[in-house]
Amino acid sequence: MGLDKHISTFLIVVLSLNSICTVYSLDLDHDDDRDLVENHDHHYSQQEYGTYDFRAHPSYFRPFEGINNFDNSARTMIFRRLAASVKTINVLSFGAKGDGSTDDTKAFENAWEEACSSSENVTFIVPQSRSYLLKPLRFSGPCNSNIIKMEIGGTLIASDDRSDYSEDGRHWLRFDSLVNLVVEGGGTIDGNGNVWWQNSCKINKNKPCKDAPTAVTFYKCTELVVKNLKIQNAQQIHVSFERCKSVEASKLVVKAPESSPNTDGIHITATQDIHVSSSTIATGDDAYRSIGSLGSGKSEAHVSDVVVNRAKLSGTTNGVRIKTWQSSAVQVKNVVYENIKGTSASTVAIDLQCSKSYPCQGIVLENVNLEDANGGKSDAVCKNVDVQNSGNVSPVCPN
């Protein structure tokens, strides 16, 4: 997300790949790669979600297989434990109608209470070919069972009555303090966000700027697997992983219209050991966000060991961006951009603008080739940054 009218207040490191950027490490044209299956502590600033930026920044991001040496211990541990006795809990047995119009919230609450209190491993079933209308709902732990697998086969639809969110306006579905949770099933989670978008100050400048709910939040979850789901039309953010540890997210389709405001794809906050792979994200704002707006109010922020590998990005305002508040609490250093090839819709393909007081250090560009999409000459803008070029780099930072 950009703050075009207040750009000078930020230290911004931008790798701008406005049309298509492909990160190559292996052949990306295999048919097998075409599977399209994509806070509690949120304190976003008014500038970030408020009055300054009235343009949505649509983006499309698709990580393929990610980090090849990722430790799959979360998945292995969870599925070994599934071999023990399993109790099946079906929301239909607790009164869910699944007709798309009846409020099924209470049925889900009762089913979850039964699942969480069970001493056995649990499979929590949301049957397919049905639609379940739900108000804000919290799946809270800790639970007695060693593992809970939630199989979402049908469609979960968010209530679009904004008064239903009066007690908690920041969350719709929230998974809280759970260990060894699997959420899968091939179904759809629909935030039904149109009413929120219509009332956004980015769409209607006469409306007050207010936050909208995140569709799915995982908070303080450990050994978590989220896979094979479609998450669409979020009220604001689609999926948020907050203060989680050991997470595998794969085969997710995350979608919202290009015009939908602030519909970020995946947020990662204060989370360790997370791997996102084989997913497609096409939203109205940030596709995938784990580094952004750090250092607000001079608060320290530490982000390290982030790898984006074998990804295709297209139609983005910025392909890869590290954005921070300009303060003494944050310095950007030791960042490598390598094996990147694509085109830029703007003349400036690489934009590295860092703080004069705390310059960016250890920035490496290796085999980066970004051409102007219109056939002209692409440029690089580099200020207060130590850049090392390796291999074929174009455009290059001026001396």
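Between which two strands is the loop in which Pro 142 lies? Pro 142 lies in the loop between β8 and β9, the latter running over residues 148–152, and I start there while reminding you that what we have on the screen is a predicted model. The peptide bond that leads from Gly 141 into Pro 142 is cis, with omega near 5°. There is also a cis peptide bond between Ser 394 and Pro 395, where omega is about -5°, and Pro 395 has its place in the segment after β28, the strand that covers 385–394.

Let me stay with β8 for a moment, and turn to the sheet. β8 belongs to an open sheet of six strands, paired in parallel, whose order reads β8-β11-β14-β16-β18-β21. Its edge strands are β8, residues 137–140, and β21, residues 288–289, and each of these pairs on one side only. As a general reminder, strands of a sheet pair through backbone hydrogen bonds, and the pairing may be parallel or antiparallel. Within this sheet, β16 (residues 239–242) and β18 (residues 266–269) are joined in the parallel sense over four bridges, and Phe 241 has Ile 268 in β18 as its bridge partner.

Phe 241 brings us to the interior, since this residue is listed, together with Phe 108, Phe 124, Leu 156, Phe 175 and Phe 218, among those with the most contacts inside the largest nonpolar core, which has 53 residues. The element that gives the most to this core is helix α3, residues 105–117, with six residues. Apart from this core lies another one, of 18 residues, including Val 332, Val 335, Leu 352 and Cys 360. If we set aside the neighbours within four places in sequence, Phe 124 touches Ile 89, Val 91, Phe 108, Ala 111, Trp 112, Ala 115, Lys 149, Met 150 and Glu 151.

Next, the empty space. What is the volume of the largest cavity? The space in it comes to about 40 Å³, and its lining is made by Phe 175, Val 183, Ile 189, Val 216, Phe 218, Val 226, Leu 229, Ile 231 and Val 239. Phe 175 and Phe 218, which we have just met in the core, therefore appear again in this lining. By class, the lining holds nine nonpolar residues, with no polar and no charged ones. Strands β14 (214–219) and β15 (222–232) each supply at least two of the lining residues, and β15 has the largest share, with three.

Now to two asparagines with a backbone feature that I would like you to look at on the screen. Asn 180, in strand β12 (residues 179–184), has a positive phi of about 60° although it is not a glycine, and Asn 367, in strand β26 (residues 360–372), has a positive phi of about 55°, again without being a glycine. Is each of them buried or partly exposed? Asn 180 has a relative accessible area of 5%, so it is buried, whereas Asn 367 has 32% and is therefore partly exposed.

I finish with Asp 286, which has its place in the loop between β20 (280–283) and β21, the latter being an edge strand of the sheet we began with. Asp 286 counts as buried because its relative accessibility is 16%, under the 20% cut-off. Its C-alpha atom and that of Asn 318 are separated by 9.2 Å, while the two residues are 32 residues apart along the chain.

Key: Residues are numbered from 1 along each chain as its sequence is written. This is a predicted model: local features need pLDDT of at least 70, side-chain atom pairs count only at pLDDT 80 or more; totals for chains, interfaces and linings use all residues. Side-chain values use heavy atoms; hydrogens and water are left out. On a 1 Å grid over the protein atoms alone, a cavity is a set of points where a 1.4 Å probe fits but cannot get out, and a pocket is an open set with protein on both sides within 12 Å along at least five of seven lines; lining residues have an atom within 4 Å of a point. Grid points are joined across faces, edges and corners, and a volume is the space filled by probe spheres set on the points. Ala, Val, Leu, Ile, Met, Phe, Trp, Tyr, Cys and Pro count as nonpolar, Asp, Glu, Lys and Arg as charged, and the others, Gly among them, as polar. Two strands pair if DSSP finds at least two bridges between them. A nonpolar core is a set of buried Ala, Val, Leu, Ile, Met, Phe, Trp, Tyr and Cys residues joined through side-chain atoms within 4.5 Å. Buried means under 20% relative accessible area, exposed over 50%, partly exposed in between (1.4 Å probe, protein chains only). Contact means heavy atoms within 4.5 Å.
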